[in-house]
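Here is a short report on how one part of a protein fold fits together. Look at the sequence and the structure first, then read on.

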Amino acid sequence: MAMRIIVGISGASGTVYGVAVLRALQAAGVETHLVLSQGATRTMALETPFTPEEVASYASVVHDVHNLAASISSGSFRTDGMVVVPCSMKSAGFIAHALNSDLLTRAADVCLKERRRLVLVIRETPLHLGHLRTLTQLAEIGAIILPPIPAMYAQPQSVDDIIAHTTGKVLDQLGIDNAHFRRWQGA
């Protein structure tokens, strides 16, 4: 069976990261289950040339964010994990406190309770103490916190290089081999 990964795209700035991860997973032959928050569709329109329909075309299955009866809302539906990319602090707070207000936060909660990988690409800066406590709580309950911070040793030449670096780091955390960025080989 092919890998099965849930991709959540929240309303934080940086929806282009979610699109890049979704496309990379598709290219790797991974079955993807996409959930777009309401905020994601709004942010996508403000920041990118992508439409929700185009982004949906990169996914194997698309779920309505309001459908709490979807397959990915249950631990009995087997997945290899989930990435929320980008992950707003609002979504992070809901996930940290198991406030399953929509399918994105419910699917993330399921991954945590089933001890599956949950990668959160947090998109907020600067962080205040409440944000830091939320991120600490998420790490304590098993989430992987992966801010989209590029490695300058790779000498990125474009925004696409920076996005590719984060995409590769996400795939690494999901256990998917990739060549999205130049890996450090030592000095």
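At what angle do helix 4 and helix 6 pack, and how far apart are their axes? This is a predicted model. In it, helix 4 (residues 89-96) and helix 6 (residues 129-140) pack at an angle of about 45 degrees. Their axes lie 9 Å apart. That angle makes helix 4 oblique to helix 6. The crossing of the two helices is left-handed.

Which residues make the contact? Helix 4 supplies Met89, Ala92, Gly93, Ile95 and Ala96. Helix 6 supplies His131, Thr134, Leu135, Gln137 and Leu138. Six residues of this contact are nonpolar, four are polar and none is charged.

**Helix 4 and its neighbours**

Helix 4 is mostly covered, with six of its eight residues buried. The buried residues are Met89, Ser91, Ala92, Gly93, Ile95 and Ala96. What do they pack against? Their partners are strand 4, helix 5 (103-113), strand 5 and helix 6. A general rule helps in reading such a list. An α-helix has 3.6 residues a turn, so residues three or four places apart point the same way. After helix 4 comes Ala98, whose phi is positive, near 55 degrees.

**The sheet**

Now turn to the strands. Six of them form an open sheet with parallel pairing. Their order is 3-2-1-4-5-6. Strand 3 (61-63) and strand 6 are the edge strands, and each pairs on one side only.

The table lists some of the pairings in this sheet.

| Strands paired | Sense | Bridges | One bridge pair |
|---|---|---|---|
| Strand 1 (residues 4-9) and strand 4 | parallel | four bridges | Gly8 and Val84 |
| Strand 4 (residues 81-87) and strand 5 | parallel | four bridges | Val83 and Val119 |
| Strand 5 and strand 6 (residues 144-145) | parallel | two bridges | Leu120 and Ile145 |

**Strand 5**

Is strand 5 mostly covered or mostly open? Strand 5 (residues 118-122) is mostly covered, and five of its five residues are buried. In a regular strand the side chains alternate between the two faces of the sheet. On one side of strand 5 sit Leu118, Leu120 and Ile122. On the other side sit Val119 and Val121. Both faces are covered, and these residues are all buried.

Two of these buried residues also appear in the table. Val119 is the bridge partner of Val83. Leu120 stands opposite Ile145 in strand 6. Strand 5 is also among the elements that the buried residues of helix 4 pack against.

Technical notes. Residues are numbered from 1 along each chain as its sequence is written. This is a predicted model: local features need pLDDT of at least 70, side-chain atom pairs count only at pLDDT 80 or more; totals for chains, interfaces and linings use all residues. Side-chain values use heavy atoms; hydrogens and water are left out. Axes are lines fitted to C-alpha atoms, for helices over the stretch in contact, and angles run from 0 to 180 degrees between N-to-C directions. Angles under 35 degrees count as roughly parallel, over 145 as roughly antiparallel, 65 to 115 as roughly perpendicular and the rest as oblique. A crossing is left-handed if the near helix is turned anticlockwise from the far one by less than a right angle, and right-handed if clockwise. Contact means heavy atoms within 4.5 Å. Ala, Val, Leu, Ile, Met, Phe, Trp, Tyr, Cys and Pro count as nonpolar, Asp, Glu, Lys and Arg as charged, and the others, Gly among them, as polar. Buried means under 20% relative accessible area, exposed over 50%, partly exposed in between (1.4 Å probe, protein chains only). Two strands pair if DSSP finds at least two bridges between them.
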